[in-house]
Amino acid sequence: MNARHIDDRSDEGYTPTTTHAEFGEGNPRLRVTRDGERTEFALEVDVVRIGSAADSELRLEGADPVHATITHDDRDEYVLELHGEGEMNSNPDATATHPGDRSQTLRTGARFTVGEWELVYARDEFADHGRPFGGRLGGEYSDQPLQPPRPDYSDEANIESDAPTHADSADEK
């Protein structure tokens, strides 16, 4: 096996930079699986309702009518809110996570469940705000260069939502 140290990389080729891409770039998507079924769902609108209702953008058999909502917010983040039963792989109290017991800011690799369905969020590295400059070069406790302030996305972000809140979906049960 050819062991390579991260500092032995060539100076040529791709060099990661900030994660301040244009609003909505980076091919944000969900990888959706259940019992061997696999598909990808592109997050192309600012509010995606996930559930079994006929007007859900992502319809999943066996889910609550509105089981979860993903909102593309004015900071160019994709935010999950679980309305129905399901698991998330992050701590909702962690830094950079939106407030609420059943909400989280999605980063590449974030996993959550909706009934028997498993969904994994992905976004290309250059636009996924979680790890600028290709992540921490020396490990978790290494110095991480700060990126400049986030651009003002307000002109591109026209987010209006009539998606139910957690309390609304509890009323439907």
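In the hairpin formed by S1 and S2, where 2 residues lie between the strands, Asp35 adopts a positive phi near 45°. The model in which this turn appears is a predicted one. The two arms of the hairpin, strand S1 (residues 29-34) and strand S2 (residues 37-42), pair in the antiparallel sense over 6 bridges, and within this ladder Thr33 has Arg38 of S2 as its bridge partner. S1 is also joined to strand S9 (residues 117-122), with which it runs antiparallel through 5 bridges; in this second pairing, Arg31 stands opposite Val120 of S9.

Two further residues that are not glycine show a positive phi. Asn27, in the segment before S1, has a positive phi of about 50°, and Asp76, in the loop between S5 and S6, has one of about 65°. Their surroundings can be described by accessibility: Asn27 is partly exposed, with a relative accessible area of 43%, whereas Asp76 is buried, with a relative accessible area of 0%.

The protein chain as a whole contains 1 helix and 9 strands, and its elements follow the pattern β-β-β-β-β-β-β-β-β-α when read along the sequence. Strands of a sheet pair through backbone hydrogen bonds, in either the parallel or the antiparallel sense. An open sheet of 5 strands is present in the order S4-S3-S5-S6-S7, and its pairing is mixed. Strand S4 (58-59) and S7 form the edges of this sheet, each pairing on one side only. Within the sheet, strand S5 (residues 68-72) and S6 run antiparallel and are joined by 5 bridges, with Thr69 having Glu81 of S6 as its bridge partner.

The largest nonpolar core comprises 22 residues, of which Leu30, Ile50, Leu58, Leu60, Ile70, Phe112 and Leu119 touch the most other members. At least two residues of this core are supplied by each of S1, strand S3 (47-51), S5, S6, S8 and S9. In soluble globular proteins, nonpolar side chains tend to be buried together. The contacts of Leu58 illustrate the arrangement: when residues up to four places away in sequence are not counted, Leu58 touches Leu30, Val32, Phe41, Val48, Arg49, Ile50, Gly51 and Leu119. Across the protein chain, 53% of the contacts between residues at least 6 apart in sequence join residues at least 24 apart.

Charged side chains were examined next. Side chains of opposite charge can pair when their charged atoms come close, and the structure holds 10 salt bridges. Arg31, the residue that stands opposite Val120 in S9, forms a salt bridge with Glu40, with the closest N and O atoms 3.0 Å apart. Both partners are partly exposed, Arg31 with a relative accessible area of 37% and Glu40 with a relative accessibility of 46%. The side chains of Arg49 and Asp55 likewise meet in a salt bridge, at 3.9 Å from N to O; Arg49, one of the residues touched by Leu58, counts as buried because its relative accessibility is 15%, under the 20% limit used for that class.

A further salt bridge is formed by Glu87 and Arg111, whose closest N and O atoms are 4.0 Å apart. This pair links distant parts of the chain, 24 residues apart, with Glu87 in the loop between strand S6 (78-82) and strand S7 (103-105) and Arg111 in strand S8 (residues 111-114). Glu87 is partly exposed, with a relative accessible area of 49%, and Arg111 also counts as partly exposed, at 26% relative accessibility. Through salt bridges that share partners, Arg29, Arg31, Glu40 and Asp124 are joined into one network.

Of the 173 residues in the protein chain, 36% are buried, and the accessible surface of the chain comes to about 10,700 Å², with 46% of this area belonging to carbon and sulfur atoms. Confidence in the prediction is given by a mean pLDDT of 76 for the protein chain, with 60% of the residues reaching 70 or more. Over residues 161-173 the pLDDT is below 50, although this stretch has 21 contacts in the model beyond near neighbours in sequence.

Note on methods
Residues numbered from 1 in each chain as written. Predicted model: local features only at pLDDT ≥ 70, side-chain atom pairs only at ≥ 80, totals over all residues. Heavy atoms only, no water. Buried < 20%, exposed > 50% of the residue type's maximum accessible area, 1.4 Å probe, protein only. Helix = DSSP H or I, 4+ residues; strand = E, 2+ residues; numbered from the N terminus. pLDDT = per-residue confidence, 0-100. Contact = heavy atoms within 4.5 Å. Pairing = 2+ DSSP bridges. Core = buried A, V, L, I, M, F, W, Y, C linked by side-chain atoms within 4.5 Å. Areas by Shrake-Rupley, 256 points an atom, 1.4 Å probe, with all protein chains shown as cover.
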